[in-house]
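Good morning, colleagues, and thank you for joining this session. I shall present one structure today, moving from its contacts with nucleic acid to its charged and aromatic pairs. Please look at the sequence and the model before I begin.

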Amino acid sequence: MTEATLVARFAPSPTGALHLGNARTALFNFLLARRSGGHFILRIEDTDAERSSDAYLEALVEDLRWLGLDWQEGPDTGGHSAPYRQSERTGLYADFQERLLVTGAAYPCYCTPAELELSRRTQLAAGRPPRYAGTCRELTAAQRRDREAHGLVPTLRFRVQPGAEVVFDDIVHGPQRFATDDIGDFIVRRADGSAAFFFCNAVDDALMGVSHVLRGEDHLANTPRQLLVLKALGLTAPTYGHVSMIVGDDGAPLSKRHGAPSLSGLRERGYLALAVRNHLFRLGHAPAVQGTLAIDAMAEAFDIGRLGRSPARFDLVQLDSWQKEAVHGLTDDAFAQWARAALAAVPPAEQAAFIAAVRPNVVFPDDVAAWARVVFGDAPSLSEAGVAVVRDAGGAFFGAAAAAAAASGNDLAAITAAVREATGRKGPALYKPLRLALTGLDHGPELAPLLRAMPRAKARERLIRYAG
RNA sequence: GCUCCCUUCGUCUAGAGGCCCAGGACAUAGCCCUCUCAAGGCUGUAACACGGGUUCGAAUCCCGUAGGGAGCGCCA
């Protein structure tokens with residue numbers, strides 16, 4: 001790995017299912033690394049032992065793999081910056097925390113969560129920003145000893161120097177400028193000894209050689225804190241880019257009620273990774289090329305300069321459109337694999353014909369299952385209107401149809417020719433009764449291919465029902 | 001409350017002062033194809049949040065207003 005290699009990362013915390021916003025962030029970072037032949041790191045931010053779990057971690061990895069992402073370094077693959085789970089990096093953090101303490105860049109804070117909560121409330125009530133009041137900022141050694149004698153275990157708090165400015169360039173938002181006066185002293189190590197986000201996230205990026213960080217815009221206003229930590233430690237900061245949030249169709253932050261569940265939820269509903277990827281790729285990102293893109297084409301088309309700055313709405317209709325395109329582009333084998341459960345009722349010999357007939361009319365495996373029932377299930381029962389149409393066609397109509405079906409196999413052209421000969425019917429008057437008798441429905445995939453997939457005995461039986 | 005970010009068709013967006021009475025995609029309407037529904041092809045409807053500037057000229061620059069979002073945690 002050379003000095004110039006681009007290193008990107010995705011750093012989720014395993015505290016729940018992977019949501020679309022995070023999935024998009026992961027995709028963008030992956031693409032960024034991929035397009036430049038750089039490295040993509042998966043780092044697990046599991047410093048919150050209470051909320052993190054191995055089950056979530058496994059699900060996370062599975063979801064990312066399903067999406068089509070892979071990483072050169074990660075908890076399962078290893079790498080030269082291992083370990084990649086922050087819960088296993090505590091010792092590393094301790095050294096840097098010690099340095100902050102020694103240089104006075106951080107100090108022990110003995111305030112209890114209850115005290116801090118009270119302070120926040122009163123500040124908010126008084127119309128002031130809820131920032132750390134600085135209670136423990138200037139404690140003397142004697143005062144510290146006294147508190148520790150009372151059994152208080154301190155946190156480590158970063159000392160933010162007032163009256164300064166933090167400036168940085170955000171690759172998507174441009175130059176940013178924050179006053180340190182607006183930033184309260186923040187915790188760098190919790191009382192239980194674990195490292196806090198602002199600290200370990202920034203330190204790990206530096207330690208792992210991360211050069212570019214694309215993350216949610218919710219981190220924009222927090223970036224100065226991380227820059228302060230890095231500067232105090234003499235570590236190099238990555239280039240940050242803050243990507244807009246994804247919101248629901250009402251403009252509110254995305255949640256389950258928007259029909260936008262976890263990635264695994266989408267997968268369970270039968271969405272193809274290709275569709276989800278392409279949708280995510282274009283949410284808040286306007287690539288120059290159009291159409292469904294494979295991973296490599298996507299990496300090539302990914303362009304930070306084309307990342308939007310305003311929040312993007314998640315639109316299920318748009319996703320479904322990608323899904324439709326993806327389903328239509330599936331090879332027969334891939335289609336069969338995708339709709340495996342729905343195809344259980346389809347005789348293997350008819351599978352290829354069935355898929356060919358039904359493909360333009362399906363978007364989800366459920367659709368496949370519905371057509372499988374129509375073609376391979378019990379003879380359909382007709383609606384009243386359907387019965388009227390069939391009855392109007394008459395027994396001779398179906399007698400001729402059944403005879404032609406028996407003679408020709410399921411050749412629709414032969415059947416319609418025979419019926420036309422026998423009854424003089426043509427056009428809708430000819431096709432509609434046939435469709436109804438055969439499928440029970442007045443709409444559906446093209447009849448000829450559909451009939452070709454249908455077992456001959458079944459077709460004959462459905463026609464004979466209405467003959468004579 | 002304070003700080004920061006954002007605001008072009010219903011949706012995702014193109015647009016970096018004249019190329020824009022604003023382009024594409026999805027959605028939508030119509031037409032073609034057609035036994036139907038799809039698929040496919042073609043055509044159409046539809047937007048610069050508002051108000052002030054700057055300029056010969058503004059979607060594009062500046063200032064306000066309004067609306068939305070985020071941050072201010074011993075969550076990440």
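Let me begin with a definition: helices (H or I, at least four residues) and strands (E, at least two) are DSSP runs, numbered from the N terminus. A residue is near a molecule or strand if one of its heavy atoms lies within 4 Å of it. On those terms, H11 gives the most to the surface near RNA strand B, with 5 residues.

Two remarks on conventions are due. This is a predicted model, in which local features need pLDDT of at least 70 and side-chain atom pairs count only at pLDDT 80 or more, while totals for chains, interfaces and linings use all residues. Residues are numbered from 1 along each chain as its sequence is written, chains are lettered from A and ligands numbered from 1 in the order in which they are written, and side-chain values use heavy atoms, with hydrogens and water left out.

I turn to the RNA. Around RNA strand B there are 64 residues, of which Gly127, Pro130, Arg190, Gly284 and Asn361 come nearest. How do the residues of this surface divide into nonpolar, polar and charged? There are 23 nonpolar, 20 polar and 21 charged residues; here Ala, Val, Leu, Ile, Met, Phe, Trp, Tyr, Cys and Pro count as nonpolar, Asp, Glu, Lys and Arg as charged, and the others, Gly among them, as polar.

On the RNA side, 72% of the strand B atoms within 4 Å of the protein belong to sugar or phosphate, and the rest belong to bases. Three polar contacts may serve as illustration (a polar contact being a pair of N or O atoms within 3.5 Å; within protein, one must be able to donate a hydrogen and the other to accept it, and residues adjacent in sequence count only if both atoms are side-chain atoms). Threonine 47 places a polar side-chain atom 2.7 Å from a phosphate oxygen of RNA strand B. Lysine 324 has a side-chain N or O atom 3.0 Å from a phosphate oxygen of the strand. At cysteine 111, by contrast, a polar backbone atom is 3.0 Å from a base nitrogen.

Next, the charged pairs. The structure holds 21 salt bridges, each a side-chain nitrogen of Lys or Arg within 4 Å of a carboxyl oxygen of Asp or Glu. In one of them, aspartate 46 meets arginine 85 at 3.3 Å, N to O. This pair links distant parts of the chain, 39 residues apart: aspartate 46 is in the loop between E2 and helix H2 (54–67), and arginine 85 in the loop between H2 and helix H3 (90–102). Both aspartate 46 and arginine 85 are buried, where buried means under 20% relative accessible area, exposed over 50%, and partly exposed in between (1.4 Å probe, protein chains only).

A further salt bridge joins arginine 267 and aspartate 63 at 3.2 Å, N to O. Because arginine 267 lies in helix H8 and aspartate 63 in helix H2, the pair ties together parts that are 204 residues apart in sequence. Is each partner buried or partly exposed? Arginine 267 is partly exposed, at 23% relative accessibility, whereas aspartate 63 is buried, at 3%.

Arginine 65 has two roles to note. Its side chain meets that of aspartate 76 in a salt bridge of 2.8 Å, N to O. The charged end of arginine 65 also sits over the ring of tryptophan 71, 4.0 Å from its centre; the criterion is NZ of Lys or CZ of Arg within 6 Å of the ring centre and within 35 degrees of the ring normal. Arginine 65 is partly exposed, at 37% relative accessibility, and aspartate 76 is likewise partly exposed, at 41%.

Finally, the aromatic residues. The structure holds 12 aromatic pairs: rings of Phe, Tyr and Trp (its six-membered ring) pair if their centres lie within 6.5 Å, and planes under 30 degrees apart count as stacked, over 60 as edge-to-face and the rest as tilted. Phenylalanine 30 and phenylalanine 40 form an edge-to-face pair, 5.8 Å centre to centre with 75 degrees between the planes. Since phenylalanine 30 lies in helix H1 (residues 20–35) and phenylalanine 40 in strand E2 (residues 39–42), the pair ties together parts 10 residues apart in sequence. Both phenylalanine 30 and phenylalanine 40 are buried.

Elsewhere, Phe158, Phe186, Phe197 and Phe198 form one aromatic cluster, and the charged end of arginine 225 sits over the ring of phenylalanine 198, 5.2 Å from its centre. Thank you for your attention.
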